[in-house]
Amino acid sequence: MKKYKIKALGLSDTRRKGVGQKDLDGGYVMRYSGIPEGRRASGGVAIVMDGDTNTRVKSWEAVSPRIIRVDLDLEEKISIIQVYGPMEDASVAEKDEFWLQVDRVTIEAEETRKLVVMGDFNGRVGSDQQDGHGSMGKYGCETIRNNNGQRLIEYSAQHNLLIGNTWFLHKRIHKITFVGEGREAESMIDYILYQGDLRYAFKDVKVIRGAELDTDHRLLVADTGFAERKVEQQQTYTRIKHEELRCIENRERYKTELSDKIANMQNNCNNVDSFWNELKDANYRCCKGSVWRKKAGKV
């Protein structure tokens, strides 16, 4: 993390039991969600943050051994969701349960925060942008799409998430996230997703091949630059207080003044356009007088 200046690192298949938070060397902090104690270690997810980013953690939730969520108050309010999806040959019931949990956490988070969802989804999304429902870019690296990949696309489209790996042009070697040792198996199954509203903040998503990792997965990183949302300056306007017409005296005076002006216009106007312009002007001048008062407001 220090070498590649990584602020927040998601881990899948940690095989750590229980739920908790652990201080690491160098000021790094790990929050993890694993299987219950007493069971054989498997699965598990975690998010590690550097010291500065850790001070911005608002809350976090260990959802399951496959899902963890951390809420950050950066320049934007962000929820990072780290996942570890079931294998492609897992049962339909196991997959359904996983995606239902992910969907629930996503819905809860997106009510108040922007979303970043990342991890090992064990899904291959292919490269067909037309069938990506707006979530895929044109820079996929495989022709294969499996069931997990299809579920990932549908989830992304439902929540307005962009599959970051497919939106940036890179060589194939900088897109492949998994290389099976001793097998001719290369695929893109790890992803970083982010909401369309955060497109401005994500400058790149790519694989770093030289990272020293004791795993058959490659380090997938996103270069980001979050910024505070600029609030558009409100413009003032003037509103005619039509509620003053509730007063009988004001209403009668307005009617008299406007009737006189309309009578003069009917004698002087020769076409519809000029009559309409003069009618608007006459109405405004009557309103601007003693009948109604103008009031400042904001839009």
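So, right at the start of helix α3, a side-chain oxygen of N146 reaches to within 3.4 Å of the backbone nitrogen of N148. Keep in mind that this is a predicted model, so everything I show you today is computed from that.

Okay, the helix itself. α3 covers residues 147-158, twelve residues. From its first C-alpha to its last you get 17 Å, and that's close to the 16 Å expected at 1.5 Å a residue. Right after α3 comes N160, and its phi is positive, near 55°.

Now, which residues of α3 are buried? We've got N148, G149, R151, L152, I153, Y155 and S156. Notice that N148 turns up here as a buried residue, and its backbone nitrogen is the one that the N146 oxygen reaches. And what do the buried residues of α3 pack against? One helix, α2 at 92-110, plus the strands β8 at 114-120, β9 at 161-163 and β12 at 190-195.

Let's move on to cavities. How many of 30 Å³ or more does the structure hold? Just one, with a volume of about 40 Å³. Its lining is made up of N165, H170, H174, K175, M188, V205, K206, V207 and L220. If you sort those by type, you get four nonpolar, three polar and two charged. Which strand gives the most to that lining? That would be β13, residues 202-208, with three residues.

So, two things to look for on the screen: the N146 oxygen by the N148 backbone nitrogen at the start of α3, and the cavity with β13 in its lining.

Conventions:
Residues are numbered from 1 along each chain as its sequence is written. This is a predicted model: local features need pLDDT of at least 70, side-chain atom pairs count only at pLDDT 80 or more; totals for chains, interfaces and linings use all residues. Side-chain values use heavy atoms; hydrogens and water are left out. On a 1 Å grid over the protein atoms alone, a cavity is a set of points where a 1.4 Å probe fits but cannot get out, and a pocket is an open set with protein on both sides within 12 Å along at least five of seven lines; lining residues have an atom within 4 Å of a point. Grid points are joined across faces, edges and corners, and a volume is the space filled by probe spheres set on the points. Helices (H or I, at least four residues) and strands (E, at least two) are DSSP runs, numbered from the N terminus. Ala, Val, Leu, Ile, Met, Phe, Trp, Tyr, Cys and Pro count as nonpolar, Asp, Glu, Lys and Arg as charged, and the others, Gly among them, as polar. The expected span of a helix is 1.5 Å times one less than its number of residues. Buried means under 20% relative accessible area, exposed over 50%, partly exposed in between (1.4 Å probe, protein chains only). Contact means heavy atoms within 4.5 Å. A polar contact is a pair of N or O atoms within 3.5 Å; within protein, one must be able to donate a hydrogen and the other to accept it, and residues adjacent in sequence count only if both atoms are side-chain atoms.
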